[in-house]
Amino acid sequence: MEYLSKERYEEISAELKHLINEVYPKVTDDLAEASAQGDRSDNAGYREARRIQGKTISRIRFLQKILEHSRVIDPNALPKDRVCLLSRVEFTNLATNTRMRFQIVSPHEMDLEAGKISLKSPIGAALMGKKVGEITQAQIPSGTLRLRIESITLD
C-alpha cells in the first residue's frame, strides 16, 4: 500500500485517462495503418507501431497498478509534531553544518529538484517519526550522516 498526496493521485489519474482516451486510440490507428501496408516481416513502420503500442500498454498498466494500490493521504490526520509523509523538514548535517529542507513524499512523488525525497530513501527513512531537536543517523553510500531536525511543517 502506497500513500499519495491528493495532487499526485490526480496527476496520475489524468495521465492514465489521457493515455487511454487519446494516446492509445491513435497508437492502434497507426498500427492498423502500418499493418495495411503489406508484409509485416519487412515493415519498419509496423515494427515501430508495435513497439509504441507495447510501451503505451505497459505505461497504462503501471499507472493502473499505482492507483489500485494507493490511497490518498488526509493531511489533517497526520501528526504535526513528528516527521511523517508530506512533512517539510529542515535539518542540519552535523558534519558540515549545512542546512537542508525537503518534503517527505511517497516514492511515486519523489523529485529532488523540487525538494521532495522519498520516505524510503536513506535520509527520508532516518527522518521518519523524529521530532524537532532530535538527532538521527542516515546510512548513505558514502558513509553515515548525522542529522539534527530543526523544524517540521505540514503544508
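How many helices and strands does the secondary structure of this chain come to? The count is 3 helices and 7 strands. Before I go on, note that this is a predicted model.

Reading from the N terminus, the order of elements is β-α-α-β-β-β-β-α-β-β. As for overall shape, the radius of gyration is 22 Å, while the globule rule gives 15 Å for 155 residues; the chain's value is well over that, so the chain is more spread out than a compact globule. You can see this in the box as well: along the principal axes, the C-alpha atoms fill roughly 70 × 35 × 20 Å.

Now burial and surface. Of the 155 residues in the chain, 33% are buried. The exposed area of the chain is about 9,500 Å², and 51% of that is supplied by carbon and sulfur atoms. On contacts, take those with a separation of 6 or more: residues 24 or more positions apart account for 51% of them. On charge, the chain has 24 positive and 22 negative charges, and their mean positions lie 6 Å apart.

Next, the aromatic side chains. The structure holds 1 aromatic pair. The partners are Phe 91 and Phe 102, with ring centres 6.1 Å apart and planes at 25°, so this pair is stacked. The cut-off behind that word is an angle of under 30 degrees between the planes. Where do the two residues of the pair sit in the chain? Phe 91 belongs to strand β3, residues 87-93, and Phe 102 to strand β4, residues 98-105. The two are 11 residues apart, and the pair links distant parts of the chain. Both Phe 91 and Phe 102 are buried.

The last item is a single residue further along, Gln 137, which you will find in strand β6, residues 135-140. Is Gln 137 buried or partly exposed? Its relative accessible area is 49%, which makes Gln 137 partly exposed. The class in question ends at 50%, since exposed means over that value.

What is Gln 137 in contact with, once neighbours within four places in sequence are left aside? The list is Ala 126, Thr 144, Leu 145 and Arg 146. For a distance in the same region of the model, take Gln 137 and Ala 125: from C-alpha to C-alpha they are 9.8 Å apart in space, with their positions 12 residues apart in sequence.

To recap, we have a chain of 3 helices and 7 strands, a stacked pair formed by Phe 91 and Phe 102, and a partly exposed Gln 137. That is it from me.

Key
Residues numbered from 1 in each chain as written. Predicted model: local features only at pLDDT ≥ 70, side-chain atom pairs only at ≥ 80, totals over all residues. Heavy atoms only, no water. Phe/Tyr/Trp six-rings, centres within 6.5 Å; stacked < 30°, edge-to-face > 60°. Helix = DSSP H or I, 4+ residues; strand = E, 2+ residues; numbered from the N terminus. Buried < 20%, exposed > 50% of the residue type's maximum accessible area, 1.4 Å probe, protein only. Rg over C-alpha atoms; globule rule 2.2 N^0.38 Å. Contact = heavy atoms within 4.5 Å. Areas by Shrake-Rupley, 256 points an atom, 1.4 Å probe, with all protein chains shown as cover. Lys, Arg positive; Asp, Glu negative; His and termini not counted. Charge placed at Lys NZ, Arg CZ, Asp CG, Glu CD.
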